[in-house]
Amino acid sequence: MTDLRDGWKTERLRAAVYDWGVQTAPVAWAAGRALWGLDVNRLWTSIGELSREQEGATILDVPCGGGVAFRALSPDRSPRYVAADLSPVMLERAVGRARRLGLDRVEFVQADVTALPFPDGSFDVCVTYNGLHCFPDPARAVAEFARVLRPGGVLRGTTVVRGAGRRYDAIVGLMRQAGVFGPTGTIEDFARWLAEAGLTEVRVAGPGAVVTLSAHRPG
């Protein structure tokens, strides 16, 4: 587990290649479809919901990566947006992307998702795109998201899951051996972890091995 975190925390090439692939639309579309059966438009649609959050909303994005979700933000709106990541390399890239987009209100924090440095009930929205499958303890990460959500708050994201097909599971296995993925989980695992964290209106759905998820904190 420690090695997995250290890899994402220190390896510049891994971070750069991943960020370039996600941010480059043709690459994201082709790789997502070929590797995971993903319609990348579903990712962009989920991210796009950030543009409809009310003025003054508090939003946590973790792991923010190189700022893939920043595409939904506007310099003219003023939510409190906290972008957190374990990797200083990813944060460096995210800072650069925010600067290029004129997003001077984004706050950046280096943080471990299994021990978020925020009080209970700090955020109206938590988003986690393409990261839960990289965490050494995804169930604990889900519990942390639930802890920092305010009553009535929402968690949205995407993740790779096991159990979507033999070919996909083989790729997950290779990623785990390479130290890129953590244990991840099945659709049923993620639905259970969200419910066990006290969240409701749980939705976890494919198709393919990349699922979108959403859940609410009651209140």
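These legends go with several close-up views of a predicted model.

**View 1. The seven-stranded sheet, edge to edge.** The strands line up as E3-E2-E1-E4-E5-E7-E6 in an open sheet with mixed pairing. Strand E3 (107–110) and strand E6 (200–205) sit at the edges with a single partner strand each, so one side of each has no neighbour in the sheet. Going from one strand to the next, the twist averages 15 degrees.

**View 2. Strand E1 and its two partners.** E1 runs parallel to E2, joined by four bridges, and also pairs in the parallel sense with E4, this time over three bridges. Leu60 is a handy residue to centre on: it stands opposite Val82 in E2 and opposite Cys126 in E4. In a regular strand, side chains alternate between the two faces of the sheet. Here both faces of E1 (residues 58–61) are covered, with Thr58 and Leu60 buried on one side and Ile59 and Asp61 buried on the other.

**View 3. The largest nonpolar core, with Tyr81 picked out.** This core has 34 residues, and the members touching the most others are Trp36, Ile47, Leu50, Phe70, Tyr81, Val106 and Phe181. Several elements each put in at least two residues, among them strand E2 (80–85), helix H5 (88–101) and helix H7 (166–177). The largest share, four residues, comes from H4. Setting aside residues up to four places away in sequence, Tyr81 touches Leu50, Ile59, Asp61, Ala69, Phe70, Leu73, Arg105, Val106, Glu107 and Val127. There is also a second, separate core of 28 residues, which includes Phe123, Trp193, Val211 and Ala215.

**View 4. Thr128, a buried threonine in strand E4.** Thr128 belongs to E4 and has a relative accessible area of 0%, so it counts as buried. What does the side chain of Thr128 reach at 3.0 Å? The backbone oxygen of Val62. Not counting neighbours within four places in sequence, Thr128 is in contact with Val62, Pro63, Phe135, Phe145, Leu155, Arg156, Gly157 and Thr158.

**View 5. E5, E7 and the helix packed on the sheet.** E5 pairs with strand E7 (residues 210–216) in the antiparallel sense, over seven bridges. Within this pairing, look for Thr159 opposite Val211 in E7. Helix H8 (residues 187–196) packs on the sheet and touches E5, E6 and E7, its direction making about 165 degrees with that of E6.

**View 6. The Asp120–Arg147 salt bridge.** The count for the model comes to 10 salt bridges, and one of them joins the side chains of Asp120 and Arg147 at 2.8 Å, N to O. Asp120 lies in the loop between E3 and E4 while Arg147 is in helix H6 (residues 138–148), so the pair ties together parts 27 residues apart in sequence. Asp120 is exposed at 55% relative accessibility, whereas Arg147 is partly exposed at 23%.

**View 7. A salt-bridge network around helix H8.** Arg162 and Asp189 meet through their side chains at 3.5 Å, N to O. This pair links distant parts of the chain, with Arg162 in the loop between E5 and H7 and Asp189 in helix H8, 27 residues apart. Arg162 is partly exposed at 30%, but Asp189 is buried at 14%. Arg192 bridges to Glu196, with the closest N and O atoms 3.6 Å apart. Because these two are four residues apart in helix H8, about one helical turn separates Arg192 and Glu196. Arg192 is partly exposed at 38%, and Glu196 is exposed at 58%. Shared partners join Arg162, Asp189, Arg192 and Glu196 into one network of salt bridges.

Definitions and conventions: Residues are numbered from 1 along each chain as its sequence is written. This is a predicted model: local features need pLDDT of at least 70, side-chain atom pairs count only at pLDDT 80 or more; totals for chains, interfaces and linings use all residues. Side-chain values use heavy atoms; hydrogens and water are left out. A nonpolar core is a set of buried Ala, Val, Leu, Ile, Met, Phe, Trp, Tyr and Cys residues joined through side-chain atoms within 4.5 Å. Buried means under 20% relative accessible area, exposed over 50%, partly exposed in between (1.4 Å probe, protein chains only). Contact means heavy atoms within 4.5 Å. A polar contact is a pair of N or O atoms within 3.5 Å; within protein, one must be able to donate a hydrogen and the other to accept it, and residues adjacent in sequence count only if both atoms are side-chain atoms. Two strands pair if DSSP finds at least two bridges between them. Axes are lines fitted to C-alpha atoms, for helices over the stretch in contact, and angles run from 0 to 180 degrees between N-to-C directions. A salt bridge is a side-chain nitrogen of Lys or Arg within 4 Å of a carboxyl oxygen of Asp or Glu.
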